[in-house]
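Biologist: I would like a close look at one part of this model, namely the charged side chains that pair with one another, and after that a word on the empty space around the chain.

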Amino acid sequence: MTDRWAALVAALDLESKVRLLTGASLWALPAEPRLGLHPVVASDGPQGVRGTGEVPGQTGLLAPAPSAVGATWDPAVAERLGRLFAAEAHRKGVDVVLAPAVNLQRTPVAGRHFEYLSEDPLLTGTLGAALVRGLQEAGVAACLKHFVANDSETGRTRYRARIDARTLREVYLAPFEQILAQAGPWSVMGAYSGVDDGIESAPMLEHRRLLRDVLKGEWSYDGVVISDWAATRSTAASANAGLDLVMPGPDGPWGARLVDAVRRGEVDEAVVDDKVLRLMRLAARVGRLTRPWAPGEERPPLPGRPVPPPPGEEDFAVLRDTAARATVLLRNEGGLLPLDARRLTSVALIGPNAVQPYLQGGGSAYVPAVRTVTFEEGLRAALPGHVGLTVHRGGSSRRRAPFIDPSRTSSPDLAAAGVRAEYLDAAGVPLGTEVRRTGDWGGFGSFPPGTHRVVLRTRITLAEPGTHLLEFGCSGRFRVELDGETVHSGQHDRGVELILESSHSHPETHRHPVSVGTEPRHLDLTMDLCVVDADGYGRFVTAQLRHLPPGPSAAEEITEAVAAARRADVAVVVVGTNEETESEGWDRPDLRLTPQQDELVRAVAAAQPRTVVVVNAGAPVLLPWAAEVPSLLWAWLPGQEAGHALADVLLGRAEPAGRLPWTLPARAEDVPVPDAVPVDGIVDYTDGLHIGYRGHDRAGTTPAFPFGHGLGWTRWSYDRAEALRTLVRADDASPAGADGPALAVTLTNTGPRAGREVVQVYAEAPDDGIDRPVRALAGFTCVSVPAGGTATAAVTVPLRAFQVWDEQTAGWRARTGRHRLRIGRSSRDLRLELDVEVTTDGGGTVLRLPATGR
Ligand code: BGC
């Protein structure tokens with residue numbers, strides 16, 4: 001096969017081959033009849049499959065965000081989601097889903113924390129591999145991203161992550177290596193950021209050691225290395241380092257420049273051929289490679305694909321079940337949960353996120369959902385008719401005002417409600433006008449060809465007496481005038497950076513108070529914006545016009561909500577993040593909720609002893625009141641079925657079976673890596689191996705809730721741990737994911753309800769003078785057990801749990817001595833233990849275990 005492909009490639013001229021190495025558009029790869037290559041289409045990932053945007057108004061299935069998938073600790077759930085994504089891909093004509101994202105949650109403030117699975121490499125690797133299997137078994141390529149150590153957003157297109165070689169191998173490369181070994185993803189995305197591992201310091205797409213020597217060399221990777229979008233900044237350096245495909249296209253730094261570089265001898269033509277062969281392999285894998293066809297000849301038919309029916313109840317049920325299972329019951333004093341619907345008469349649903357749930361994180365992962373079920377809708381559908389449900393915001397949690405109500409705006413000639421845009425060319429010659437009834441001109445990019453400036457004009461009418469706030473958010477070069485006076489301006493003209501680093505949809509805003517007396521006020525607004533050129537992402541302007549009318553203060557809304565809580569049988573308070581907080585493009589400044597939310601929770605819990613607090617966030621937020629509320633659920637960014645899933649949990653129809661895939665710190669000062677702001681372009685991974693819970697363990701801090709914690713509906717006794725084999729011999733050079741010892745853990749469900757337990761095994765290495773985490777997750781499995789039942793769970797611990805990366809020999813070697821395996825319910829609730837004696841034996845590792853542990 002490959003010989004035949006090689007012959008076809010050899011018959012192409014250099015220009016034709018190089019043309020294939022840059023995308024044909026934002027999402028599609030080029031076709032080449034002479035190779036039998038049909039267009040291969042990519043789409044984001046990883047909260048669903050967004051599609052290419054070619055079908056106006058196209059929607060899709062919106063899954064719980066990846067950190068929720070992490071909380072299931074269940075590869076079967078991740079694999080099922082992979083299958084669901086594959087069906088979505090088939091519906092939307094997508095061949096490559098840009099997921100999973102397997103960077104690690106190194107700092108809880110990271111903007112894309114919600115998009116990653118866990119702070120632990122093994123949990124990430126195991127779930128990531130399952131997701132890849134689900135996708136690829138259905139013939140859709142996964143794209144493992146973002147290789148590697150792109151764990152935060154601040155300055156993401158420029159920073160270098162400085163990481164020692166051992167940490168890189170044992171922590172940040174580990175999930176990539178594991179997933180490659182266990183599931184063989186057909187593509188990998190190279191990150192915007194760079195790595196300095198002490199041997200080579202380079203942007204990722206130019207990193208020869210990591211791309212060419214490690215990924216493609218040592219790990220024999222045969223798939224396609226795709227650039228992150230608009231990340232490629234060089235020609236020969238990236239081509240030689242191992243990047244195969246520049247995305248998006250058709251422009252970019254390869255093309256004619258790469259042809260020249262080959263002609264000048266800077267890049268070997270064989271390097272180009274190898275990339276083309278990899279693209280053919282990808283196309284073959286996703287059913288997009290046929291026999292060649294001649295110009296003018298009809299394209300040979302592609303192999304048939306399942307055409308799934310449009311998304312429906314079965315898919316919704318999968319998403320609902322995933323979100324419910326992922327929910328973590330952090331605390332349940334007095335067994336308040338689950339609620340008995342028959343005994344309830346009234347429920348007060350309170351909180352900014354109760355009114356406006358945050359269902360998915362922002363940025364490239366965004367999916368317009370086919371439907372959404374809010375918390376209120378879910379509860380209304382689930383509660384019996386006799387139960388009254390009232391809803392109260394209890395103060396806003398947004399820092400920004402909402403978009404202006406278009407009925408307050410009128411075009412300057414007063415002919416219509418709305419905002420009028422005038423399009424001008426570089427000489428100021430008008431090219432056309434348009435009126436839109438919205439204050440949200442974010443990311444708007446459809447204007448007449450040749451448009452250089454967009455001038456938005458409107459007359460704003462403010463009628464209610466009191467103080468109104470007008471708020472303007474623009475990006476690029478712009479000027480905002482109110483009644484002829486400049487109130488806001490900007491000079492930024494680095495287009496692609498606006499898209500990638502601050503997210504143009506989240507521009508800094510400027511607030512302008514306007515006081516209105518008994519007479520309405522009319523204000524003339526002009527927003528004069530230069531069009532921003534953002535390379536492959538197109539040309540756009542961002543202009544936001546927001547407005548906050550006078551209204552009840554947060555304190556007044558809180559008072560009203562507290563009164564409602566007091567009147568009801570139960571208060572359910574939903575607090576959390578929103579699109580202003582959790583998104584790709586920026587990191588959070590801190591982990592706090594807004595002060596109003598903290599105040600709201602405290603006030604409601606003080607007034608109503610039956611208060612359930614639900615946290616609607618993908619990444620940690622501080623809960624200084626956690627010990628003051630009886631029941632506490634973490635509901636994640638739950639995706640489209642949010643309301644049904646929460647109702648299932650609250651009413652006990654589903655178990656909140658999740659376990660934290662990261663640590664919830666008690667205090668800001670306990671966070672091992674509180675931010676990742678580059679200093680002189682460097683993000684220094686001085687925390688080394690001690691990511692997440694390992695950092696808390698090293699510092700001896702007590703988290704609010706530890707890694708792995710989650711109560712579920714029942715109680716467990718851990719009865720016994722046994723070694724399934726007492727002697728294991730393995731080659732030191734075994735691939736990632738190779739099995740070490742297997743344990744049988746017997747446990748009993750001692751509670752009143754059936755439940756699902758995640759049996760967790762942590763390894764503690766011997767104190768041999770080499771740095772080590774206090775303990776590291778070394779295996780886990782899920783078991784479902786009826787009330788009163790006993791089960792035996794088999795947990796396999798990978799060989800790597802007993803190895804270290806040896807910088808001297810650049811290889812893995814056994815860490816000899818006595819390792820302790822500790823088995824339990826979380827990283828801080830360990831019930832059983834079993835020692836493993838590790839020795840070496842002529843290049844191999846020998847593990848000896850007692851038959852039973854303690
Ligand atoms: C993100 C990737 C994403 C790509 C395409 C980039 O900005 O980092 O995760 O797949 O855009 O949308």
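How many salt bridges does the structure hold?

Modeller: The model is a predicted one, and the structure holds 73 salt bridges. Side chains of opposite charge can pair when their charged atoms come close. I shall take three of the pairs in turn, with the burial of each partner, and then go on to a network.

In one pair, the side chains of arginine 19 and glutamate 32 meet with an N to O distance of 3.3 Å. This salt bridge links distant parts of the chain, 13 residues apart, with arginine 19 in helix α2 (residues 14–19) and glutamate 32 in the loop between α2 and β1 (42–44). Glutamate 32 counts as buried because its relative accessibility is 3%, whereas arginine 19, at 41%, counts as partly exposed.

Another pair joins aspartate 196 to arginine 162, where the closest N and O atoms are 3.7 Å apart. Here two strands are linked, since aspartate 196 belongs to β6 (residues 194–196) and arginine 162 to β4 (residues 160–162), with the two positions 34 residues apart in the sense that they are 34 residues apart. The acidic partner, aspartate 196, has a relative accessibility of 15% and therefore counts as buried, while arginine 162, at 36%, is partly exposed.

The third pair is formed by glutamate 579 and arginine 398, whose closest N and O atoms lie 2.8 Å apart. These partners are 181 residues apart along the chain, and both sit in loops: glutamate 579 between β24 (570–576) and α17 (595–607), arginine 398 between β11 (388–392) and β12 (409–410). Glutamate 579 is partly exposed, with a relative accessible area of 40%, and arginine 398 also counts as partly exposed, at 22%.

Beyond these pairs, a network of salt bridges links Asp697, Glu764, Arg775, Arg820, Arg822, Arg828, Glu833, Asp835 and Arg854.

As to the empty space, the second largest pocket encloses about 760 Å³. It is lined by 39 residues, of which Leu122, Leu777, Pro798, Arg800 and Ala801 are the closest to its centre. By class, this lining divides into 20 nonpolar, 9 polar and 10 charged residues. Both domain 1 (14–33 + 40–273) and domain 3 (716–848) give at least three residues to the lining of this pocket. Among the elements that supply at least two lining residues are helix α5 (121–136) and strands β31 (755–764) and β33 (790–798), but the largest share, 6 residues, comes from β32.

There are also 6 cavities of 30 Å³ or more. The largest cavity, with a volume of about 90 Å³, has 13 lining residues, and those nearest its centre are Arg106, Pro108, Glu119, Thr663 and Gly692. Its lining comprises 5 nonpolar, 6 polar and 2 charged residues. The second largest cavity has a volume of about 70 Å³, and its lining includes Pro46, Phe85, Glu115 and Leu131. Two or more of the residues in that lining come from each of α3 (66–72) and α4 (75–92). By class, the lining of the second largest cavity has 9 nonpolar residues, no polar ones and 1 charged residue.

Conventions
Residues are numbered from 1 along each chain as its sequence is written. This is a predicted model: local features need pLDDT of at least 70, side-chain atom pairs count only at pLDDT 80 or more; totals for chains, interfaces and linings use all residues. Side-chain values use heavy atoms; hydrogens and water are left out. On a 1 Å grid over the protein atoms alone, a cavity is a set of points where a 1.4 Å probe fits but cannot get out, and a pocket is an open set with protein on both sides within 12 Å along at least five of seven lines; lining residues have an atom within 4 Å of a point. Grid points are joined across faces, edges and corners, and a volume is the space filled by probe spheres set on the points. Helices (H or I, at least four residues) and strands (E, at least two) are DSSP runs, numbered from the N terminus. Ala, Val, Leu, Ile, Met, Phe, Trp, Tyr, Cys and Pro count as nonpolar, Asp, Glu, Lys and Arg as charged, and the others, Gly among them, as polar. Domain bounds come from an automatic or database domain assignment. A salt bridge is a side-chain nitrogen of Lys or Arg within 4 Å of a carboxyl oxygen of Asp or Glu. Buried means under 20% relative accessible area, exposed over 50%, partly exposed in between (1.4 Å probe, protein chains only).
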